[in-house]
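Colleague: I am new to reading protein structures and would like to learn how strands, helices and turns are recognised. Could we go through one example together, slowly?

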Amino acid sequence: MRKGMIALAMLALATGVVGLAAAQETTDEEAALKAIGSQWADAWNAGDMTAVGALYTEDADYVNFFGQSVSGRAQIEATFSEALDTVYKGAKITIETTAVHFVKPDIVVSDSEWEVTGVPEGEGPKIPTKGASTAVMVKQDGEWKIAAHRTRVAAAPAE
Amino acid sequence: MRTVLRIALMVSLAVVPAFVLVGCQAAEEPEPAAPPPTEEELLHQLASDYEAAWAEGDAAAIAALFTEDGDVVNDNGHFQGRSAVEENLRQGFETIYQGTSIAIESTSVRFLRPDVALVDGTYEITGAMSPEGEDLPAIKGLWMGVDVKADGKWHISSLRPMTPVEAPEPPEEG
């Protein structure tokens, strides 16, 4: 815990070095980037897969927590559509973006936590209902789009 | 399919004499320099350097493969910056990863820009032992890395390992 505090203090010091103007710009971008998680959730909760797909680049790829991968916006739309029609039928998702790491001014790695509620009770094995995700986002024509999306489930329950 | 084979055969027949000719010419000229490594080869080298530093249990050497602000998110948390990455690895090498080896494969490389690569791969950590000295099973998983090139050298900007969960059997029809 103390180590965490020291790390935070060091981080705060390091952040302070950044120019104020640049920091303000980064903050605005961060807010826009963090909003994409809730846009994703709103679109999926409304069953609007076109809106979900529109958040991705044309050549985006997605790897789910089973390690299964799909490429291209159309395939990604189809994958999430199928999930909402089957294992997650009627479920709602919430996504909270916890960190945004700027790789370049036009490329970020964004980390989120997600949780699904209202999953239908099935006879089969339970589908994961909470986990984390990482999105690599690129700025295209002034808009941030997901170029790569990975979801995962914590290997062990938190202690 | 047969047409493809035939074309491949024709191409290979045509290429062999060409190599022989080139070989004759090269004999009279100074030894050509080895071609510079491709970006993919340099990215694979980054993975090899990671493996080599891991084999030494050298947390600082692995952290040096990251950018100054590089980060890792794993089941233990979010480690931002080289020193945090190093500290997390150091704790690992003092405990669960002590004396282990890691084998890293890069399965796909996609360039988001010429100097930013999105790399996916697999990893397998072997040789772990319980505190009681019993052999533990290999730790396997996937990873995604975002690597950046600066001053001619690739570094890891973000690394996201993950352990896939087992997919349920598809439900039976009917």
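Modeller: Let us begin with pairing, where two strands count as paired if DSSP finds at least two bridges between them. Please keep in mind that this is a predicted model. In chain A, strand β4 (residues 107-117) and strand β5 (residues 130-140) run antiparallel and are joined by 9 bridges, and within this pair A:Val109 stands opposite A:Val136 of β5(A).

Colleague: Which strand pairs with β5(A) over 9 bridges in the antiparallel sense?

Modeller: Strands of a sheet pair through backbone hydrogen bonds, in either a parallel or an antiparallel way. Here the partner is strand β6 (residues 143-152) of chain A, where A:Glu143 is found opposite A:Gln140. The two strands, β5(A) and β6(A), make a hairpin with 2 residues between them.

Colleague: What should I look at in the turn of such a hairpin?

Modeller: Look at the backbone angle phi, since most residues other than glycine have a negative phi. A:Asp141, which lies in the loop between β5 and β6 of chain A, has a positive phi of about 50° although it is not a glycine. In chain B, the residue B:Asp151 likewise has a positive phi of about 50° without being a glycine, and its place is in the loop between β5 and β6 of chain B.

Colleague: Is B:Asp151 buried or exposed?

Modeller: B:Asp151 is exposed, because there are 5 other C-beta atoms within 10 Å of its own and a residue counts as exposed with 12 or fewer. A:Asp141 is exposed too, with 5 other C-beta atoms within 10 Å.

Colleague: How many strands does the open sheet of chain B have, and in what order?

Modeller: The sheet has 6 strands in the order β2-β1-β6-β5-β4-β3, with mixed pairing. Strands β2 (77-80) and β3 (101-113) of chain B stand at the edges with a single partner strand each, so one side of each has no neighbour in the sheet. On average, neighbouring strands of this sheet are turned by 15° against each other, direction ignored. At one edge, strand β1 (residues 66-74) of chain B runs antiparallel to β2(B) and is joined to it by 4 bridges, with B:Val73 having B:His78 as its bridge partner in β2(B).

Colleague: Which helix lies across β3, β4, β5 and β6 of chain B?

Modeller: That is helix α2 (residues 39-55) of chain B, which runs at about 150° to β3(B). Helix α4 (residues 82-94) of chain B also packs on the sheet, touching β1 and β2 of chain B.

Colleague: How do I tell which side of a helix faces inward?

Modeller: An α-helix has 3.6 residues a turn, so residues three or four places apart point the same way. In α2(B), the residues B:Leu43, B:Ala47, B:Tyr50 and B:Trp54 are buried. They cover an arc of only 50° around the axis, which puts them on the same side of α2(B). Their cover includes α3 (59-63), β3, β4, β5 and β6 of chain B, whereas the exposed residues B:Glu41 and B:Ser48 are carried by the face turned away from the buried side.

Colleague: And how far may I trust what the model shows?

Modeller: Chain B has an average pLDDT of 87, and 80% of its residues score at least 70. Over residues 16-24 of chain B, however, the pLDDT is below 50, and this stretch has 0 contacts in the model beyond near neighbours in sequence. For the complex, the predictor gives an ipTM of 0.81 and a pTM of 0.80.

How values were computed:
Residues numbered from 1 in each chain as written. Chains lettered and ligands numbered in written order. Predicted model: local features only at pLDDT ≥ 70, side-chain atom pairs only at ≥ 80, totals over all residues. Axes fitted to C-alpha atoms, helices over the stretch in contact; angles between N-to-C directions. Contact = placed C-beta atoms within 7 Å. Buried ≥ 20, exposed ≤ 12 C-beta atoms within 10 Å, placed from the backbone. pLDDT = per-residue confidence, 0-100. Arc of directions from axis to C-beta.
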